[in-house]
Structures are given as C-alpha cells and as structure tokens.
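Here are a few friendly notes on the charged and polar side chains, in case they help as you look through the model. Please read them alongside the structure below.

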Amino acid sequence: MSDAEPEPVDAQGDRADRAVDDLPAVAPQLRELRRRAALTLEAAARTVGLSPAHLSRLETGQRQPSLPMLLALARTYGTTVSELLGETPADRDAIVRAPDMEPTRAGGWTYWQAGAQARGMQALRVHVPHGAQGDIVRVHPGEEWLYVLRGRLRLTLGDAVHTLEPGDSAHFDSLTPHRIAAADHLGTDLLFVHTLLQSPATALCLGGAPHSPTTGDSR
C-alpha cells in the first residue's frame, strides 16, 4: 500500500490511534523487544489488534502509538511502558517501611503509599468511607487489582454490580467503566494496585473527580 492511499481501520481503531506529542520516540525499542519476545511482526500485530503494516510503521518511527496501545504492546512483550519509552529507572529501595507510609486524604478517601515511587505499578492501602465518591464512574488506560481487607466493597464494572467481602479480590481492565464505594457505614479498607502510564494524562488523583468522561483518573 502506497503512502498516498488511505490507511485501513484496524481492530482497535488504527486510524484513531493519534500520536502522543509528549512521549519520546518508541521505535528504537519496539523491534528489539518484539524479537526478544520471539514474535514475528504478524504474530505481534495480531496479538495487539493491529495490522502488520501499522505495527511496522510504529517500529520505523513513522507513527507514534497512543497510550492504550503502549500498554497493549508492553503486555505483549512482557515488559513495562517505561522500557518501551527507553527510560532507565534510577536505583530504588525495594522496601517501604510503615513509618514512611504517610496518610493522604482527598475527596473523603484516605490512602497510604504501599509501594516505591516511579514504578510501573502503584500500590496503595486505601480507606473508602461510606458515601464518598461512590457516584463517580472512571474510565482510563491500565489495569487495576484490589483486595478487601475490612468491610464490604461495592464494585461496579460496566453494567454489573458486585459486593466484595473481606478476603475477596478483583482484577480488571481500567477501560471498563468502574465505580468503587463502601457498602458498610464504617467504610471499607482495601489494598489497591494499578498500572501507571508515564504521562500527565494518567496522573493519579485519589478521591478526586475525573478530568473527563474518558480519561478519569484512578483512585
């Protein structure tokens, strides 16, 4: 297909994957990571939901991936978004001590950082009070995992509503519209882990309202 011809629309909306201006070029990493994963161009494209032609353009720098596409590529190649962007992480302490977990409050929620800073995932301990932020629907790139420690949690995923008891957990794609609320008057305590994309568009905003219907921040 010549450059003058219109591009086809792939399974995930190839034409809709607009370049993200604030991201560095990912082309130098993409081909090497695909080869390291022992995937052909056709196999990798099929897994991600793109045409081989579009993935080839990403690898040669003719196109830049969208944020959801970066996450899909990282999953496919068994790596992180940071590595796709060619970032070299600084040395970080693997241990987080309890006295260092300062509580932060926002929108009625209280949360404690339970993981290291600047990682591909963020780990938190969260207290969700009854009636706080339960009406906010969030949709954003990434994955979320939570584990209920105390109290009951009401989790809405799309059109389905689930009540989670202590010891229950959930793991879901954050592009699924979701809401979290405490089902008990004393509130709910949970462990929460989610993936972070290194972009201001996916900055964490615990307890706050989302910026828009399609890019709402996570808790």
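1. Let me start with Glu59 and Arg31, whose side chains form a salt bridge with an N to O distance of 3.3 Å. Glu59 sits in helix H3 (residues 52-59) and Arg31 in helix H1 (residues 27-36), so this pair links distant parts of the chain, 28 residues apart. Please keep in mind that this is a predicted model.

2. The two partners differ in burial class: Glu59 is buried because its relative accessible area of 6% is under 20%, while Arg31, at 32%, counts as partly exposed. Both residues also belong to a salt-bridge network that includes Arg34.

3. Next comes Arg75, which meets Glu143 in a salt bridge at 3.0 Å, N to O. Here helix H4 (residues 67-77) supplies Arg75 and strand E4 (residues 143-150) supplies Glu143, with the two positions 68 residues apart in the pair's separation. Arg75 is partly exposed at 40% relative accessibility, and Glu143 is partly exposed at 25%.

4. Arg75 has a salt bridge with Asp173 as well, at 4.0 Å, N to O. Because Asp173 lies in strand E7 (residues 169-173) and Arg75 in helix H4, the pair ties together parts 98 residues apart in sequence. Asp173 is partly exposed, with a relative accessible area of 30%. In total, the structure holds 6 salt bridges.

5. Finally, have a look at His178 in strand E8 (residues 178-182). His178 counts as buried, at 0% relative accessibility, and its side chain makes a polar contact of 2.9 Å with that of Glu144.

Note on methods:
Residues numbered from 1 in each chain as written. Predicted model: local features only at pLDDT ≥ 70, side-chain atom pairs only at ≥ 80, totals over all residues. Heavy atoms only, no water. Helix = DSSP H or I, 4+ residues; strand = E, 2+ residues; numbered from the N terminus. Buried < 20%, exposed > 50% of the residue type's maximum accessible area, 1.4 Å probe, protein only. Polar contact = N/O pair within 3.5 Å; in protein donor to acceptor, adjacent residues only side chain to side chain.
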